[in-house]
Amino acid sequence: MNILLTFTGFHDPYSKGLIGDEEQPGPIITLVNAKSFDKVILFSTPKTEKISFETESSIRDLHPEIDIEIKGLLLEDPTDYIGILKGLRKNFEEISNNTLDAKYFISVASGTPQMHASWLLLVSSGEIPAHILKFSKIVLNPKKHSKRD
């Protein structure tokens with residue numbers, strides 16, 4: 001089972017393209033279009049709650065076979081390393097206890113730099129056995145991939 005773990009961010013689920021006003025898939029939609037996942041776990045903060053629900057809906061429209069879950073982290077400050085690390089550790093313990101034989105993938109494309117650094121610390125220390133996924137902007141025809149037309 002392939003599981004994607006990622007924060008949602010302000011470029012999800014779609015964002016304006018660099019040229020013109022055409023919508024382009026955001027980082028999470030780009031990843032689920034490029035790689036096969038059985039489950040996507042979206043980490044949300046109070047300021048990204050709406051974005052998380054929109055991203056969940058967009059993934060369901062494009063890939064109804066993917067199981068999606070939203071985990072809320074009650075962070076007042078999205079740059080608080082201690083709060084981010086505590087929240088990720090607690091949630092990952094629950095996730096890993098409920099999911100056996102999973103391969104974990106982490107996207108560091110969405111969220112704050114402190115969130116990215118926290119993911120990297122947890123993976124490099126071995127606390128979370130995961131592969132870090134690099135995001136690169138893929139320019140696609142948004143009309144072909146967007147369900148928001």
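What follows is a chat between a biologist and a modeller about this predicted model.

Biologist: Before we start, what pLDDT do local features need here?

Modeller: It's a predicted model, so totals for chains, interfaces and linings use all residues, side-chain atom pairs count only at pLDDT 80 or more, and local features need pLDDT of at least 70. Residues are numbered from 1 along each chain as its sequence is written, and side-chain values use heavy atoms, with hydrogens and water left out.

Biologist: OK, what is the strand order in the open sheet?

Modeller: Helices (H or I, at least four residues) and strands (E, at least two) are DSSP runs, numbered from the N terminus, and two strands pair if DSSP finds at least two bridges between them. The pairing in this sheet is parallel. There are 5 strands, in the order β5-β4-β1-β6-β7.

Biologist: Which strands stand at the edges?

Modeller: An edge strand here has a single partner, so one side of it is left without a neighbour in the sheet. That applies to β5 (67-72) and β7 (130-133).

Biologist: How many bridges join β4 and β5?

Modeller: Strand β4 covers residues 39-44 and pairs with β5 in the parallel sense. In that pair, Phe-43 stands opposite Lys-71 of β5. The count for β4 and β5 is 6 bridges.

Biologist: On the other side, which residue of β7 does Ser-107 stand opposite?

Modeller: β1 and β6 run parallel, joined by 5 bridges, and there Thr-6 faces Ser-107 of β6. β6 then pairs with β7, again parallel, over 4 bridges. In β7, the residue opposite Ser-107 is Leu-133.

Biologist: At what angle to β1 does helix α4 run?

Modeller: Axes are lines fitted to C-alpha atoms, for helices over the stretch in contact, and angles run from 0 to 180 degrees between N-to-C directions; contact means heavy atoms within 4.5 Å. Helix α1 (residues 27-34) lies across β1, β4, β6 and β7, at about 170 degrees to β1. Helix α4 (residues 113-124) lies across β1, β4, β6 and β7 too, and its angle to β1 is about 140 degrees.

Biologist: How far apart are the end C-alpha atoms of α3?

Modeller: The expected span is 1.5 Å times one less than the number of residues. Helix α3 (residues 81-98) has 18 residues, so it should span 26 Å, and the model agrees: the ends are 26 Å apart.

Biologist: Which element gives the largest share of the largest nonpolar core?

Modeller: A nonpolar core is a set of buried Ala, Val, Leu, Ile, Met, Phe, Trp, Tyr and Cys residues joined through side-chain atoms within 4.5 Å, where buried means under 20% relative accessible area (exposed is over 50%, partly exposed in between, with a 1.4 Å probe and protein chains only). The largest one has 21 residues, and Leu-88 and Trp-119 are among those with the most contacts inside it. β1, β4, α3, β6 and α4 each supply at least two residues. The largest share, 5 residues, comes from α3.

Biologist: And His-116 in α4: is it buried or exposed?

Modeller: Its side chain has a polar atom 3.0 Å from the backbone oxygen of Val-108 and reaches the backbone oxygen of Gly-111 at 3.2 Å. Both are polar contacts (N or O pairs within 3.5 Å; within protein, one atom must be able to donate a hydrogen and the other to accept it, and residues adjacent in sequence count only if both atoms are side-chain atoms). With a relative accessible area of 19%, His-116 is buried.
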